[in-house]
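Biologist: I should like to go through this model with you and ask on what grounds each description rests. Please set each value against its criterion.

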Amino acid sequence: MTLTRPLLAALALIASFGSAVADVVATDILGRVVHLPEPARHIVLGEGRHLTVLGLIHDDPVSLVTGWRLDKALDEPTMQAYREKFPDIDEIRPVGSGNRDISAEAIIALHPDLVVLTLIDQGDPGMEVARQQIEAAGIPVAYVDFFSHPQENSIPSLQILGKLIGAEERAEEFADFYEARLARIRDRLAAPDITRPRVFFHVHAAPQSCCSTVGTGVFHDFITTAGGQNIGNDTVKGVLGNVSLEYLIGADPDVYIATGGTHMAVRGGLVLGSGVDADTAQASFDKLISAPGFSSLRAVEEGRVAGVWHLFNDSPVHIALIEYLAKTFHPDLFQDVDPAATLAEINARFLPVTVPGTWWVTPEQ
């Protein structure tokens with residue numbers, strides 16, 4: 001049978017429709033259009049710890065990841081928890097380990113269908129060369145951001161990943177969960193006559209070598225959204241800077257917040273996070289706030305102090321931290337808000353693995 005020209009044209013049009021439907025198109029956080037022939041199934045992560053972000057929108061994130069950079073890797077308790085459920089995690093290949101260090105050759109050899117980089121990679125000369133080499137090999141690259149501007153970019157970035165792996169409904173479900181909680185905080189703090197306490201945010205907190213704090217950036221934004229005033233913003237002109245203990249005492253903050261993690265154990269500082277039991281966290285916090293200088297702070301004497309896990313700052317799970325800060329700054333406004341319940345719901349509804357740990361701590365009563 002001979003096909004007529006109109007019929008051939010119609011068949012070609014139908015085929016083009018099928019191709020368009022199959023094609024995955026997403027605009028990344030830099031506004032770059034990313035095309036995939038189908039949802040990604042072999043991904044290289046520019047930050048290894050973003051495996052847990054994928055876990056918010058996929059039941060088996062390990063099955064999607066072929067390679068990862070180890071500079072910002074999963075901590076050992078998180079790695080172990082994922083290994084118990086997904087033994088294949090040990091098959092993920094490293095593609096770089098230093099800060100902003102990635103091997104284009106190692107990535108290309110893995111034949112991934114997508115490489116995910118972060119906003120802080122953008123503009124780095126070495127990373128730009130690597131990205132160009134990766135894209136020249138025909139491998140798409142998408143940029144996301146859960147760290148530099150988390151409140152603005154975390155949910156759009158999660159939606160970008162959802163689009164690229166075919167998990168748009170899951171991404172939208174988490175977006176609704178997150179945005180409802182963020183809106184509740186903003187609505188209750190909208191009144192202009194609400195007193196916003198002056199907050200000192202002591203990052204990587206230890207009794208000695210006081211004190212590293214924040215001027216702008218991630219934690220400054222969290223403090224502001226939760227209804228506080230970051231006093232570090234008056235002195236520190238960048239994201240991070242140091243002030244003296246004398247400055248802290250003279251500043252007389254209404255609220256003192258310390259951040260910590262397992263990395264602080266060797267420095268005798270605040271130990272919180274994955275795999276940390278409540279007694280260990282409490283002992284390290286009590287040691288911190290009873291140290292000379294800290295113990296005389298009005299905020300400590302009045303009990304307006306808390307310790308929080310530092311690594312809330314690179315995941316959409318930070319919504320629980322914002323709730324915690326809002327409740328700490330404004331307990332009367334947020335009596336009904338339960339940040340621990342928010343974390344529990346995230347674990348139950350979204351994450352495939354629950355990692356044990358202690359995420360915040362207050363003085364013993």
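Biologist: What makes up the cover over the buried residues of helix 8?

Modeller: This is a predicted model. In it, the cover of those buried residues includes helix 6 (150-165), helix 7 (168-188) and helix 12 (318-329), together with strand 8 (198-202), strand 9 (212-214) and strand 10 (229-230). These elements count as cover because they have heavy atoms within 4.5 Å.

Biologist: Why is helix 8 called mostly covered?

Modeller: A residue is buried under 20% relative accessible area, and 7 of the 8 residues in helix 8 (residues 218-225) are buried. They are V218, F219, H220, D221, F222, I223 and T225. After the helix comes G227, with a positive phi near 90 degrees.

Biologist: Why is T262 called partly exposed?

Modeller: The relative accessibility of T262 is 43%. Buried requires under 20% and exposed over 50%, so a value in between is partly exposed. T262 is located in the loop between strand 12 (255-260) and strand 13 (273-274).

Biologist: Which residues does T262 contact, leaving aside neighbours within four places in sequence?

Modeller: T262 is in contact with V271, L272, S274 and V276. In addition, its C-alpha atom is separated by 8.8 Å from that of D75, although the two residues are 187 apart along the chain.

Biologist: How do you know that strand 3 and strand 6 pair?

Modeller: Pairing requires at least two bridges, and 3 bridges join strand 3 (residues 43-45) to strand 6 (residues 114-118), so the two count as paired. One of the bridge partners is V115 in strand 6, opposite V44. The two strands run parallel.

Biologist: What makes strand 5 and strand 7 the edge strands?

Modeller: The open sheet has 5 strands in the order 5-4-3-6-7, with parallel pairing. Strand 5 (93-94) and strand 7 (141-144) each pair on one side only.

Biologist: Why is the protein chain called as compact as a globular protein of its length?

Modeller: The chain has 13 helices and 16 strands. Its radius of gyration is 23 Å, and the globule rule gives 21 Å for 365 residues; the two values are close, so the description applies. Along the principal axes, the C-alpha trace spans about 95 × 45 × 40 Å.

Biologist: How much of the protein chain is buried?

Modeller: Buried residues account for 53% of the 365 residues. Of the contacts between residues at least 6 apart in sequence, 71% join residues at least 24 apart.

Key: Residues numbered from 1 in each chain as written. Predicted model: local features only at pLDDT ≥ 70, side-chain atom pairs only at ≥ 80, totals over all residues. Heavy atoms only, no water. Helix = DSSP H or I, 4+ residues; strand = E, 2+ residues; numbered from the N terminus. Rg over C-alpha atoms; globule rule 2.2 N^0.38 Å. Buried < 20%, exposed > 50% of the residue type's maximum accessible area, 1.4 Å probe, protein only.
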